[in-house]
Each structure stands twice: as C-alpha cells, then as structure tokens.
Amino acid sequence: MAEDAREVSQAATTVVPLVVQSLFTVVVSAAGLAAVDWRLGLVGLLAVPMYWTTLRWYLPRSGPIYREERAAFGTRASRLLGGITGARTLRAYDAQGPELERIHAASAQARDLSIGVFGFLTRAFSRNNRAEAVVLGAILGTGFLLVSAGYITAGAVTTAALLFHRLFNPIGALVGMFDQVQSAGASLARMAGVVSLPVPERTARLHGGTLELAGISHTYDDGTPALHEVHLTIGPGEVVAVVGTTGAGKSTLAQIAAGLAAPTSGTARLGGIELVEAEPGSLREHITMVSQEVHGFATTVAENLRVARPEADRAALQAALESVGAGWAAHLPQGLDTEVGEGGYRLDPMQLQMLALARVALADPQLVVLDEATAEASSAGARRLDVAAARVLDGRSGLVVAHRLSQAVAADRILVMSAGRIVESGTHEELRAAGGHYAELSRAWFGD
C-alpha cells in the first residue's frame with residue numbers, strides 16, 4: 001500500500017502542472033500555425049483523428065495492464081518486507097532458501113510486467129510518431145504546392161513546419177500523462193479496495209465463562225492444513241498446557257483461542273459467545289495473548305506498560321511490575337520514566353518478556369494465552385520467566401504453549417499435539433504413566 005500511496009501522490013503533484021503547461025503550448029502552437037496560413041492549419045488538423053485513434057487503442061488496454069503491474073509490485077513489496085522482518089524466524093527454521101525463491105519469483109513477475117508495460121507504452125508513442133511524421137510530411141508537401149503557385153513564401157512554410165514540430169513534445173507529454181494517470185488510477189483502485197473491504201459486524205459483548213473450542217479445523221491460504229477437528233474446553237481458573245513438535249498446530253490453536261484468527265470450520269466460544277462475533281474491545285478485556293516475539297516500544301517503561309491500560313496510575317504500574325518479579329525496572333536510570341527501545345536504554349530479551357507479562361497483569365484479563373512467551377531457554381533468567389508466567393496465570397484461565405516441558409508440569413491438564421490433532425490429554429503423572437508420546441518427551445527432558 002505504501003508504494004501505491006506514493007504513486008498516487010506523485011501523480012497528484014506532477015500531472016496538473018504538466019497538463020496546464022502542455023495544453024497551453026499546444027493551443028499557442030496551433031493558433032500560430034493557423035495564423036501563418038489557414039490552409040496549412042487545416043492540414044495540421046489531420047493529426048487530431050490520428051491522435052484520437054491512438055487514445056482509443058491505448059485507454060481500454062492500459063487499465064488491466066497497470067492493475068496487474070501494481071498488484072505485482074504490491075506482492076513484491078510484501079514478500080521483501082516479510083523476508084526482512086522475519087529473517088530471524090527464517091534462520092531459526094532454516095527456511096531462507098524457499099523464502100528467497102518466493103521473493104525472486106515475485107520480483108521476476110514484477111520485472112516482466114514492467115517490461116511489458118514499457119513495451120506497450122512504446123507502441124503507443126510509436127503511433128503518435130507515425131501521426132507526426134505523416135502530418136509533417138503533408139504540411140511540407142502542401143507548402144511546396146502553395147509556394148509553387150505563389151500563394152505563400154518558403155519562409156512561411158518553414159515557420160509552419162517548425163510550429164507543428166513544436167507540438168511533438170507537449171503532445172508526447174500528454175500521452176505520458178495518461179500513462180501516469182492510469183498507473184495512479186490502478187494504485188488508487190487498490191487502495192480504495194482495501195478501504196472498502198467489508199468489515200464484519202462484531203458487536204457481541206463477552207462476559208467471561210468457559211472457553212470452548214468445538215470441532216476446530218484451520219487451513220491457511222496457501223492450502224497448508226494446521227488443525228483437524230480439535231475439541232478443547234478450558235474452565236474458569238483452569239490452566240491447560242500444549243506440547244508437541246514444531247508444526248503440530250500449537251501456535252494456530254493459540255491464535256484461535258485468543259480470537260486473533262478465525263477457524264476455517266468449527267466454533268470458538270467464551271461463555272457461549274463466539275469470539276469472531278465479539279466486539280474487539282470486549283475481546284481484549286477478557287483475553288490477552290503473549291507470544292515469544294514481544295515488542296518494546298521506543299518510549300518510557302511506563303508508557304510501554306500503559307499499552308495495556310492507558311489510564312493506569314503509577315501505583316498500578318509498579319504493582320504490575322512487582323507481580324511478575326520485575327523489580328529491576330525501578331532501578332533503571334530514570335525508573336519507570338526511562339526511555340527504552342530504539343535510541344534508549346536497551347532491554348535484554350528476558351526483560352522485554354517480563355514487560356509483556358506485566359502488561360498482562362495490568363490488563364487483568366480472564367483468559368491468558370501464552371505462546372512460548374517464556375522461551376528464554378538460553379537465558380540465565382529462564383527460571384524467573386517461568387515464575388513470572390505462573391504469577392500471571394494465578395487465578396486466571398490459561399492456555400500455555402510450552403517451549404520447555406518444565407512449564408507444562410504445573411498445568412491442570414496437558415495436551416499433546418501432533419499433525420494438527422490432540423493425540424494425548426491428561427495430567428503430567430497420568431501421561432507419564434500412559435507410556436505414550438508424552439512419556440518419551442518426559443524421559444528425554446527430565447531423565448528416568
């Protein structure tokens with residue numbers, strides 16, 4: 001959308017002055033041609049139907065071409081941005097190669113379409129050049145006859161030819177303007193399309209209760225299946241942990257439970273009300289999600305916390321930090337007024353995750369969804385993050401996607417996922433005794 005906005009802005013600032021200047025030049029030159037000799041002026045009018053024929057050929061074909069080009073540019077930009085912002089994730093999963101191939105494919109498509117558009121525009125200009133050559137030849141030929149008959153002088157014919165030649169650049173500029181207007185129109189149509197996308201009415205108010213995921217299945221846009229007929233109930237105050245290998249569907253389940261994604265089929269309800277129908281403000285009051293990749297805004301610690309509750313006073317902020325064991329915030333150079341983020345005090349990953357958990361405590365939701373939110377396994381503060389998460393979950397319902405098996409032990413119930421399905425369910429001791437997949441994971445993690 002940024003590239004589309006730039007295209008529209010450029011057209012708005014350049015097209016109007018160009019039109020005024022070019023039209024003025026065309027009118028003055030045409031008037032001068034008629035003033036030299038009216039007969040040569042009539043010959044010059046032959047260019048009008050030829051130019052009009054070019055426009056009739058150009059306009060109906062240009063719209064679809066430019067729309068396709070702008071769409072390809074948008075795809076290329078989104079691919080590049082996604083690859084840059086997700087570089088760490090791609091490296092973590094060793095997925096750089098496939099993503100680079102997708103970026104190359106999007107760039108190649110945008111390049112090929114741009115070359116096609118340039119060729120199309122060149123054909124339009126060649127039609128104009130043909131009209132100019134024919135009419136200029138007609139003026140010179142008519143002038144030769146008129147000079148031979150003694151009606152005008154050779155100087156008058158030369159002046160008329162030069163005046164007509166003077167029309168080439170402004171007329172070419174007007175044709176180029178149509179090119180820019182069509183490109184900007186395609187960009188504006190894309191922007192208007194985004195604005196006019198139907199927004200589903202979400203007016204239902206949540207009132208808490210049991211989270212019910214009934215027959216949840218989910219397939220991504222590229223056709224990749226993530227969940228298959230998942231059934232899950234989390235009662236008030238119950239904490240459920242989810243474990244499984246990468247790609248098992250844990251994060252997708254967490255996003256649906258948090259109301260951040262709608263299932264392809266099945267229903268997700270809180271207190272009997274579907275999450276997809278819940279008013280966004282009400283949804284965030286009752287459900288809060290923290291993922292592994294937390295963000296620290298370039299502002300003070302206090303304002304970072306107030307993202308969760310803008311009206312919170314200093315006492316509430318301090319209480320939220322202390323509740324997750326983030327007493328270190330008070331010892332920063334300016335305490336809660338310390339600027340963090342880009343250009344400010346640099347918080348380490350553990351501190352950023354503690355800040356995110358403090359936001360949860362400040363928001364005080366009924367249901368907390370933690371998607372590997374304490375996955376600082378390499379950090380010396382991993383144990384502190386586990387304790388902080390346990391404090392946030394105390395007295396609340398919780399769905400915890402566990403990065404480490406030690407995080408799952410304290411849960412009321414543990415789900416084991418594989419290939420988008422729940423394959424085991426029970427407490428830590430029950431699952432160990434069952435001798436299934438969880439028992440193998442437990443032996444590998446804790447030892448016999």
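Accessible area here is the Shrake-Rupley area found with a 1.4 Å probe. The structure on screen is a predicted model.

**Whole chain**

Start with the whole protein chain selected and a surface drawn. The chain exposes about 23000 Å², and 59% of that comes from carbon and sulfur atoms. Of its 448 residues, 42% are buried. Switch to a cartoon: the secondary structure comes to 16 helices and ten strands. Among contacts with a separation of 6 or more, 74% are between residues 24 or more positions apart.

**The sheet E2-E1-E4-E5**

Select strands E2, E1, E4 and E5. These four strands form an open sheet in that order, with antiparallel pairing. Strand E2 (225-234) and strand E5 (273-274) stand at the edges with a single partner strand each, so one side of each has no neighbour in the sheet.

Now keep residues 211-219, which are strand E1, and residues 265-270, which are strand E4. Five bridges join this antiparallel pair. To find the register, pick Leu 213: the residue opposite in E4 is Ala 268. When following side chains along a strand, recall that in a regular strand they alternate between the two faces of the sheet.

Move to the edge strand and select Glu 229, which is in strand E2. Glu 229 is not a glycine, yet has a positive phi of about 50°. For context, most residues other than glycine have a negative phi. The relative accessible area of Glu 229 is 52%, and the cut-off for exposed is over 50%, so Glu 229 counts as exposed.

**Arg 205 and Glu 279**

Next select Arg 205 and Glu 279 and show their side chains. The two form a salt bridge, with the closest N and O atoms 3.0 Å apart. Glu 279 is in the loop between E5 and helix H9 (280-286), while Arg 205 is in the loop between helix H7 (168-195) and E1, so the pair ties together parts 74 residues apart in sequence. Both ends are partly exposed: Glu 279 has a relative accessible area of 25%, and Arg 205 has 40%. Add Glu 285 to the selection; Arg 205, Glu 279 and Glu 285 are linked in a network of salt bridges.

**Two further salt bridges**

The structure holds nine salt bridges. Select Asp 37 and Arg 39, whose side chains meet in one of them at 3.0 Å, N to O. Asp 37 is buried, at 7% relative accessibility, and Arg 39 is partly exposed, at 24%.

Then go to Arg 306 and Glu 303. Their salt bridge has its closest N and O atoms 2.9 Å apart. Here the arginine is the buried partner: Arg 306 has a relative accessible area of 17%, whereas Glu 303 is partly exposed at 37%.

**Asp 371 in strand E7**

Select residues 367-371, strand E7, and then Asp 371 within that strand. What does a buried Asp 371 have in place of a salt bridge? The side chain of opposite charge that comes nearest is Lys 250, 7.2 Å away. A salt bridge requires a nitrogen of Lys or Arg within 4 Å of a carboxyl oxygen, so Lys 250 does not make one with Asp 371. The side chain of Asp 371 does make a polar contact of 3.0 Å with that of Ser 251.

Expand the selection around Asp 371, leaving aside neighbours within four places in sequence. The residues in contact are Ser 251, Ala 254, Met 289, Val 290, Ser 291, Gln 292 and Val 401.

Step back along the chain to Asp 364, in the loop between helix H12 (349-363) and E7. Asp 364 also takes a positive phi, near 55°.

**The hairpin of E9 and E10**

Finish with residues 413-418, strand E9, and residues 421-426, strand E10. The two strands pair in the antiparallel sense over five bridges. Pick Ile 414 to check the register: its bridge partner in E10 is Gly 426. Which residue takes a positive phi in this hairpin? Select Ala 419, where phi is near 55°; the hairpin has two residues between its strands.

How values were computed: Residues are numbered from 1 along each chain as its sequence is written. This is a predicted model: local features need pLDDT of at least 70, side-chain atom pairs count only at pLDDT 80 or more; totals for chains, interfaces and linings use all residues. Side-chain values use heavy atoms; hydrogens and water are left out. Buried means under 20% relative accessible area, exposed over 50%, partly exposed in between (1.4 Å probe, protein chains only). Lys and Arg count as positive and Asp and Glu as negative; His and the chain ends are not counted. A polar contact is a pair of N or O atoms within 3.5 Å; within protein, one must be able to donate a hydrogen and the other to accept it, and residues adjacent in sequence count only if both atoms are side-chain atoms. Contact means heavy atoms within 4.5 Å. Two strands pair if DSSP finds at least two bridges between them.
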